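Hello,

Here is the structure I promised to pass on to you. Have a look at it first, and then read on for what turned up in it.

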Amino acid sequence: MVNTTGYFFHRDCHKHEMGVGHPECPERLDAIEDHLLACGVADALDRREAPQAPLADLELAHGRMHIASLRGLSDNLRDDINAGGPTHAQVDPDTCINVHTWDAALRAAGAAIAATDAVMAGEMENAFCAVRPPGHHACHDKAMGFCFFNNVAVAARYALERHSLRRVAIVDFDVHHGNGTEDIVAGDQRILMLSFFQHPFYPEGGSLSKASNLVNVPVPAYTKGDAVRSLIESQWLPRLEAYRPEMIFISAGFDAHREDDLGQMGLVEKDYTWITQRIKEVAQRHAQGRIVSCLEGGYNLHALARSVEAHVRALADI
């Protein structure tokens, strides 16, 4: 197994935007890429452009009508713009599309799929997908919370169906609960989902399923890194060790950082390093080191860039 970390990206992911002042903005990717270049981490990564996800692979996690409706919404928006209409179409109060969203969403899911293929082929040990729109709020039949397709859930199902793995894990450390991922994987014993999230918070209700393949840990606002580490040691790691995943997927949201105004938790870069190292240790014991990580939240640009650096350094052992 080669000891390299992949970095999947595409310029199409910069073209999706949801209006002036929206926190889920193209500048998030610019901040990450500029910082990784400035600190030298980019030089250590295997950089690859993301392909578009095939629609048949999106259907591993999403209903055909959901996919078709998003494509139809995009086509209708283009027609409206040509007729002098609005430049965006609303999906929910926080989420809308422009004419580039469909392509960006295909690239984001395609990055996760391509990273899975590359890691499974032994071309790299693990990979980080610097893509947007994010995915973990996207349900089987519903787009919401800045998310259209569930990149991590698509990739996890892809690893099971296309690479014949038997057990994979999804780890979600975004400040918001990955309700879409839960909606897709709850009850699928081939997938173990582990997360912590601020609660009560968006989305309303937090974890709503009691399925045995879920380890969802709600924490109150202002929880700091030492408490999160303790919860991971006591609740995540024993389940991961017992489950022995053959591959691990990460919903890497960095909005639990203490500088991020979209959450009220207190993590810092060292916490993301520690979390990543613990996940990597499990992957090395049970999954030949195989990890695919996909960007989710993180809206303070400086904190986001530093946190991604910490995460990628831990993945790459640099």
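Let me start at Pro93, which sits in the loop between strand S3 (89-92) and strand S4 (95-97). Please keep in mind throughout that this is a predicted model. Pro93 is exposed, because its relative accessibility is 76% and anything over 50% counts as exposed. Its C-alpha lies 9.8 Å from that of Phe146, although the two are 53 residues apart in sequence.

That brings us to Phe146 itself. Phe146 belongs to the loop between S5 and H6, and is buried at 12% relative accessibility. Its phi is positive, about 75°, even though Phe146 is not a glycine.

Tyr222 makes a good companion to it. Tyr222, also not a glycine, has a positive phi of about 75°. Its place is the loop between S8 and helix H8 (225-243). Is Tyr222 buried or exposed? Tyr222 is exposed, because its relative accessible area is 64%, over the 50% limit.

Now to the pocket and the cavity. The largest pocket has a volume of about 190 Å³. Its lining is made up of 14 residues, and those nearest the centre are Gly145, Phe146, His176, Tyr202 and Leu262. So Phe146, the buried residue with the positive phi, comes back here. By class, the pocket lining divides into 6 nonpolar, 5 polar and 3 charged residues.

As for closed spaces, the structure holds 1 cavity of 30 Å³ or more. The largest cavity has a volume of about 60 Å³, and its lining consists of Leu70, Ser74, Ile97, Asn98, Thr101, Trp102, Ala105, Phe148 and Phe149. Helix H4 (64-82) and helix H5 (101-120) are the elements that give two or more residues to this lining, and H5 provides the largest share, with 3 residues. No charged residue lines the cavity; the classes there are 6 nonpolar and 3 polar.

H5 turns up again in the nonpolar core. The largest such core has 100 residues, and Phe196, Trp236, Phe249 and Ile275 have the most contacts inside it. H5 gives the most to this core, with 13 residues. In soluble globular proteins, nonpolar side chains tend to be buried together. Which residues does Phe249 touch, leaving aside those up to four places away in sequence? They are Thr116, Val152, Ala155, Ala156, Ala159, Val168, Ala169, Ile170, Val171 and Val292.

Strand S5 (residues 126-129) is worth following next. Asn126 and Phe128 are on one side of S5, Ala127 and Cys129 are on the other, and all are buried, so both faces of the strand are covered. In a regular strand the side chains alternate between the two faces of the sheet. S5 runs parallel to strand S1 (residues 5-9), joined to it by 4 bridges, and Phe128 stands opposite Tyr7. S5 also pairs in the parallel sense with strand S10 (residues 291-295), over 4 bridges. There, Asn126 has Ile291 as its bridge partner.

Two cis peptide bonds are worth a look too. One joins Arg132 and Pro133, with omega at about 5°; Pro133 is in the loop between S5 and helix H6 (151-162). Another joins Tyr202 and Pro203, with omega at about -5°, and Pro203 is in the loop between strand S7 (191-198) and strand S8 (214-219).

Tyr202 and Pro203 are both touched by His177. His177 lies in the loop between strand S6 (168-172) and helix H7 (179-185). Its relative accessible area is 1%, so His177 is buried. Its other contacts beyond four places in sequence include His136, His137, Glu182, Met193 and Asn216.

Finally, have a look at Leu304 in helix H10 (residues 301-316). Leu304 counts as buried, because its relative accessibility is 1%, under the 20% limit. Beyond four places in sequence, Leu304 touches Arg28, Ile32, Phe254, Leu295, Gly297 and Gly298. How far from Leu304 is the C-alpha atom of Glu241, 63 residues apart along the chain? The two C-alpha atoms are separated by 29 Å.

Enjoy exploring it, and write back with any questions.

Best wishes

Notes. Residues numbered from 1 in each chain as written. Predicted model: local features only at pLDDT ≥ 70, side-chain atom pairs only at ≥ 80, totals over all residues. Heavy atoms only, no water. Buried < 20%, exposed > 50% of the residue type's maximum accessible area, 1.4 Å probe, protein only. Pairing = 2+ DSSP bridges. 1 Å grid on protein atoms, 1.4 Å probe; cavity = no way out; pocket = protein on both sides within 12 Å on 5 of 7 lines; lining within 4 Å. Points joined across faces, edges and corners; volume = space filled by probe spheres on them. Nonpolar A, V, L, I, M, F, W, Y, C, P; charged D, E, K, R; others polar. Contact = heavy atoms within 4.5 Å. Core = buried A, V, L, I, M, F, W, Y, C linked by side-chain atoms within 4.5 Å.
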